Amino acid sequence: MNAIGVNTGPVSSGAVVPVPVTATYRLQMRPDAFTFADAVDLVDYLDALGVSHLYLSPVLTAVDGSSHGYDVVDPSTVSAGLGGRSGLEGLAEAARARGMGLVIDIVPNHVGVADPRQNAWWWDALRRGRESEYADFFDFYTAADNGADGKIALPVLASGDDAGEFTVDRSGPEPMIAYYDKRFPIAPGTDTGTAAEIHDRQTYRLVPWDSGLIGYRRFFTVSDLAAVRVEDPHVFDAAHAQVASWITDDLVDGIRVDHPDGLADPSDYLGRLRDLIGSDRWLVVEKVLADGEPLDATLPVDGTTGYDALNELSAVFLDPRGEDELNALSRTFTGADGAAEWLHEQEHLLGRQVLETGLAAEIRRLVRRIRHSTGETMVTDPALTDAAVRDAVVAVVTQVPVYRADYAPLSTMLPRIVGRVGRSDPALVPALEVLVQALATDPETVARFGQVCGAATAKTVEDCLFYRAARLISLQEVGGNPGRFGLGPSEFHLAWAQRARSWPRTMTTLSTHDTKRSEDVRARIGVLSQVPRLWADCVTEWETAAPSPDPAIGAFLWQTLFGVWPVDGVVTDALRIRLQDYARKAVRENGTRTSWTDVDVEFEGSVLAWLDSVCDGPCGAGMSEFVTGLEPHFSSDALGQKLLQLLGPGIPDVYQGTELWDDSLVDPDNRRTVDYSVRRRLLHTDEVPPKFAVVRAALRLRRERPASFVGGAYVPLRASGTAAHHVLAYGRGPRVDEVDVVAVASRHTVSLGVDGWADSVLALPPGDWIDRLTGREVSGQVRLDSLFTEFPVAALGRLRPPAPLA
């Protein structure tokens, strides 16, 4: 054991005890930019920063050129492009040598099939059909009435006329059907005649991408990601063989599970995974919790990946007094206030659209499963058509406010929804009864219903509505509730105290590869709640001078521009390109004027031209002035949320590069490479940027005093005085009466006004304290104006008494 109580190497038996996780640092592994060797070179820096674990994005073999790794094509091997198994072992050894460890992200729900040749399982299943040993690995749909003559429909053709474009590629060891640059297998004994005739003999059928025919379960609506049936023990073992070897060889201390809600039975899967990795390794799941939704305490996990904490931190820094003004501004530009009632209505409308278009194939398959499981009932009642059951399913799914309603704490949710739907539309009652019968008796219906609900929520809310609502876009994050404008300190403290008690090892985060915008961009936009009138006046002036092509989209993009606008006002070519790429994605996700499936090139061009006019014209100068004036306030909020996260309940993750100000937007922008040379130099200088100082001080406090955090107490602290409501503070310690760390953050700093902190004070717990950011010693009742002279936050550690004399 080293000085901070973590394992530094093998114990006498030859086994390695998992290193206790105190804080993680997320690294985006990329064969083209950041490999295991690069991570090895970073271990000393991350150790000095104060983290205990390197948290790696997926490292299994993915599609060639993948920059994210979530399109795994071979779960049995570690990516050769990253350095292979030996490279991973070298990284684990380098981490262990410093008393650190590894946490790795795994993707059990799906594999990449964009190029069938790269995925041996998929290729063999397509080539040999039911005779393939991998036929049951995928959730194929080959019923006679599936629209593809009982074959596996692969939606890859540009149009229905493209069958004439098929050729046979005989350049390799076995012939393949060729469709432009795509290749597909040919079953043994079927290679005679024209390419079209050969195609017609295969177990699959190539169909137009927009035909609505899908012969397999996908990840949401992404046809290049085919779902894997890990509910089958044989498939589970094959998909986790490499993961199992990491445990056997003690390479990892924790696992992060991507999208468990896509699985047939998340609870059963997580139970088997826990058995595989053992009870002592850290296990967190990317479970997106809706606002107020509890994590199922029966799951054998340590917690979520932290979206819940992220949204609480964003909300607690908002000024609720800005809501009415921002409602009015939203009405002016979009025709709606963007408040809770409107959001609720839009969610239902968009949900129906998604289920009837992008997820239509999944709904048809679910309805057929319901018919199969309740066949006799449906046959005896001619009114129970597929259309009637489909309408009932759509009506219920659009009312489900969570990703899945089949977790233990939500057991009463679905019955209430079914009852409400039946009361609002009595004509649906017979079909609802059939749906209920299937859900009550058929596990496959339950699984498919849960999978559809999750996909519908993601595509409706995160991938559409959150690009349309424009009241305050900092609230529009994964699992967020933009209808709730702000979070009071009392609600915040109670939620965090409960997290400390119930989920002390859950992950917390502020930025991920999936967030719509980085933590700092989100904090900056949140400050608009403190200056709503000033913001409304500026946007109105700018929109008059440089009208956006669509006012509703403009209202969204003006906030985005404010969020990333450089403080020095210089819009570089690189930033301009990033803004253009983001805007193009945003307007397609928005879907009102252009979309991924029906691109309006002219409209998109007008948006890009508008962005150029803003960057190059007087509006850009006005934006620069606005940003400069608010810089102290959004910097304060960015530092405040960072400190509260790092010293709060749970295991904090630092997303790559965010120890410095980060202006990233949605992926792939947030997966850009990080310049670590700049960050490494900061370890050897006395004057460092405030955010770096906060991150380093907080992480080192956690590492020095682990008993005060995981399993420790969370104690809300109250300030007093005229500005007391501008402070958030809490204590951490092994027990409530033994607090030895205090986090203090200022909030709503714009309205502090001329009076400042005045006579406001914070009563510290007993003892002498030192601010780890400034080195200043304090005790008793400390004046806030003296506490915040250099930083708008304070990270206090209680000075330990001298050791007793021998």
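**The second largest pocket**

In this predicted model, begin with the residues that line the second largest pocket: they divide into 13 nonpolar, 9 polar and 7 charged. The volume of this pocket is about 690 Å³. To centre the view, select Gly292, Glu293, Asp308, Glu312 and Arg499, which are the closest to the pocket centre among the 29 lining residues. Next, display helices as ribbons and pick out α8 (307–316) and α17 (489–502), the elements that give two or more residues to this lining. Of the two, select α17 for further inspection, as the largest share of the lining, 6 residues, comes from α17.

**The largest cavity**

Now turn from the open pocket to the enclosed spaces. A search of the whole structure finds 11 cavities of 30 Å³ or more, and the largest of them holds about 310 Å³ of space. Select Tyr216, Arg217, Arg218, Glu362 and Val452: of the 25 residues lining the largest cavity, these lie nearest its centre. Colouring the lining by class gives 11 nonpolar, 7 polar and 7 charged residues.

Which elements each supply at least two residues of this lining? They are β12, α11 and α16. The largest share, 5 residues, comes from α11.

**A buried salt bridge at the cavity**

Keep Glu362 and Arg218 selected, since both are among the residues nearest the centre of the largest cavity. Glu362 forms a salt bridge with Arg218, and the closest N and O atoms are 3.0 Å apart. The pair links distant parts of the chain: Glu362 belongs to helix α11 (residues 360–373) and Arg218 to strand β12 (residues 218–219), with their positions 144 residues apart in the sequence. Are these two residues buried or exposed? Both Glu362 and Arg218 are buried.

**Helix α16 and Val446**

Select helix α16 (residues 443–462) next; this helix is also one of the elements supplying at least two residues to the lining of the largest cavity. Its length follows expectation: at 1.5 Å a residue, the 20 residues of α16 should span 28 Å, and the end C-alpha atoms are 28 Å apart, which agrees. Because 17 of its 20 residues are buried, α16 is largely enclosed by the rest of the structure.

Within this helix, select Val446. Its relative accessible area is 28%, so Val446 is partly exposed. Show the neighbours of Val446 and leave out residues up to four places away in sequence: Val446 then touches Arg404, Asp406 and Leu439. For a sense of scale, draw a distance from the C-alpha atom of Val446 to that of Arg672; the two atoms are separated by 40 Å, and the residues are 226 apart along the chain.

**Other salt bridges**

The structure holds 71 salt bridges. Select Glu174 and Arg127 for another example: they form a salt bridge whose closest N and O atoms are 3.8 Å apart. This pair also links distant parts of the chain, with Glu174 in the loop between β8 (167–169) and β9 (176–179), and Arg127 in helix α3 (residues 120–128), 47 residues apart. Glu174 has a relative accessible area of 27% and is partly exposed. Arg127 is partly exposed as well, at 21%; a residue counts as buried under 20%.

For a pair within one helix, move to α21 (residues 573–590) and select Arg584 and Asp581. These two form a salt bridge, with the closest N and O atoms 3.2 Å apart. Why do they lie about one helical turn from each other? They are 3 residues apart in α21, which means a separation of about one helical turn. An α-helix has 3.6 residues a turn, so residues three or four places apart point the same way. Side chains of opposite charge can pair when their charged atoms come close. Arg584 is partly exposed, with a relative accessible area of 27%, and Asp581 is partly exposed, at 43%.

Then select Asp139, Arg217, Arg365, Arg369, Asp442, Glu444 and Arg448, which salt bridges with shared partners join into one network. Arg217 has already appeared on this tour, among the residues nearest the centre of the largest cavity.

**The second largest cavity**

End at the second largest cavity, with a volume of about 130 Å³. Select Leu60, Pro75, Val107, Pro108 and Ala239, which lie nearest its centre among its 13 lining residues. The elements giving two or more residues to this lining are β4 (72–78) and β6 (110–112). By class, the lining of this cavity has 11 nonpolar, 2 polar and no charged residues.

Key. Residues are numbered from 1 along each chain as its sequence is written. This is a predicted model: local features need pLDDT of at least 70, side-chain atom pairs count only at pLDDT 80 or more; totals for chains, interfaces and linings use all residues. Side-chain values use heavy atoms; hydrogens and water are left out. Helices (H or I, at least four residues) and strands (E, at least two) are DSSP runs, numbered from the N terminus. Buried means under 20% relative accessible area, exposed over 50%, partly exposed in between (1.4 Å probe, protein chains only). Contact means heavy atoms within 4.5 Å. A salt bridge is a side-chain nitrogen of Lys or Arg within 4 Å of a carboxyl oxygen of Asp or Glu. On a 1 Å grid over the protein atoms alone, a cavity is a set of points where a 1.4 Å probe fits but cannot get out, and a pocket is an open set with protein on both sides within 12 Å along at least five of seven lines; lining residues have an atom within 4 Å of a point. Grid points are joined across faces, edges and corners, and a volume is the space filled by probe spheres set on the points. Ala, Val, Leu, Ile, Met, Phe, Trp, Tyr, Cys and Pro count as nonpolar, Asp, Glu, Lys and Arg as charged, and the others, Gly among them, as polar. The expected span of a helix is 1.5 Å times one less than its number of residues.
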